[in-house]
Amino acid sequence: MSTIDNHFGHRESDGVVVDLFWDRGDTEDEFRVEVEDTRLGTGFVLHPLTGSEAIEAYHHPFAA
């Protein structure tokens, strides 16, 4: 479940929306990068294993 508390980044460029989420768990953290192309109505979700990978995916130049 996405909440404002775990939403750590949002950016938009040329109809592509990228959001970064960090769900803090009791034993481990989970990261998620959601990508949506509003022009085409398509999207996908990435589940990086580490915070570093999540940030890299969020800032990837081909993501938007």
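Select Asp 14 to begin: in this predicted model, Asp 14 is exposed, with a relative accessible area of 61%. The residue lies in the loop between S1 and S2, and its phi is near 55 degrees, a positive value in a residue other than glycine. The flanking strands, S1 (residues 7-13) and S2 (residues 16-23), form a hairpin with 2 residues between them, and Asp 14 belongs to the turn of that hairpin.

Zoom out for a moment before following the chain. The protein has 64 residues, of which 30% count as buried, and its secondary structure comes to 1 helix and 4 strands. Read from the N terminus on, the elements follow the order β-β-β-β-α. The accessible surface comes to about 4,700 Å², with 54% of that area belonging to carbon and sulfur atoms. Among the contacts with a separation of 6 or more, 23% are accounted for by residues 24 or more positions apart.

Now select S1 and S2 together. The two strands pair in the antiparallel sense over 6 bridges, and a convenient place to check the register is His 10, which stands opposite Asp 19 in S2.

Keep S2 selected and colour its residues by accessibility. How many of the 8 residues of strand S2 are buried? The count is 7 of the 8, so S2 is largely enclosed by the rest of the structure.

Add S3 (residues 30-37), which pairs with S2 in the antiparallel sense over 8 bridges. These two strands form a hairpin with 6 residues between them, and Asp 23 stands opposite Glu 30 in S3.

Continue to S4 (42-46). S3 and S4 pair in the antiparallel sense over 5 bridges, with Asp 37 standing opposite Thr 42 in S4. The hairpin formed by S3 and S4 has 4 residues between the strands, and in its turn Gly 41 has a positive phi of about 75 degrees. Asp 14, where the tour started, also has a positive phi, near 55 degrees, but in a residue other than glycine.

With the strands in view, show the aromatic side chains, where the count comes to 2 aromatic pairs. Select Phe 8 and Trp 22, which form a tilted pair, 5.1 Å centre to centre and with 50 degrees between the planes. This pair links distant parts of the chain, since Phe 8 is in strand S1 and Trp 22 is in strand S2, 14 residues apart. Now extend the selection to Phe 31: Trp 22 and Phe 31 form a stacked pair, with 6.1 Å centre to centre and 25 degrees between the planes. Ring pairs thus link Phe 8, Trp 22 and Phe 31 into a cluster.

Which members of the cluster are buried, and which are partly exposed? Phe 8, at 42% relative accessibility, counts as partly exposed, and Trp 22, at 27%, likewise counts as partly exposed. Phe 31, by contrast, is buried, with a relative accessible area of 14%; the cut-off that matters here is that buried means under 20%.

Turn next to helix H1 (residues 51-58), in which Ala 54, Ala 57 and Tyr 58 are buried. Look down the axis of H1 and these buried residues fall within an arc of 100 degrees, so they line one face of the helix. The face turned away from the buried side carries the exposed residues Ser 52 and Glu 56. On the buried side, the residues of H1 pack against S1, S2, S3 and S4.

To see one of these helix residues in its surroundings, centre the view on Ala 54. Leaving aside its neighbours within four places in sequence, Ala 54 is in contact with Leu 20, Phe 31, Val 33 and Pro 48.

For the last stop, select Val 16, Val 18, Leu 20, Phe 31, Val 33, Val 35, Ala 54, Ala 57 and Tyr 58, the 9 residues of the largest nonpolar core. S2, S3 and H1 each supply at least two residues of this core. Phe 31 therefore deserves a final look, because this buried residue belongs both to the core and to the ring cluster with Phe 8 and Trp 22.

Definitions and conventions:
Residues are numbered from 1 along each chain as its sequence is written. This is a predicted model: local features need pLDDT of at least 70, side-chain atom pairs count only at pLDDT 80 or more; totals for chains, interfaces and linings use all residues. Side-chain values use heavy atoms; hydrogens and water are left out. Buried means under 20% relative accessible area, exposed over 50%, partly exposed in between (1.4 Å probe, protein chains only). Two strands pair if DSSP finds at least two bridges between them. The arc is that of the directions from the helix axis to the C-beta atoms. Contact means heavy atoms within 4.5 Å. A nonpolar core is a set of buried Ala, Val, Leu, Ile, Met, Phe, Trp, Tyr and Cys residues joined through side-chain atoms within 4.5 Å. Accessible areas come from the Shrake-Rupley method with a 1.4 Å probe; for residues, only the protein chains shown count as cover. Rings of Phe, Tyr and Trp (its six-membered ring) pair if their centres lie within 6.5 Å; planes under 30 degrees apart count as stacked, over 60 as edge-to-face and the rest as tilted.
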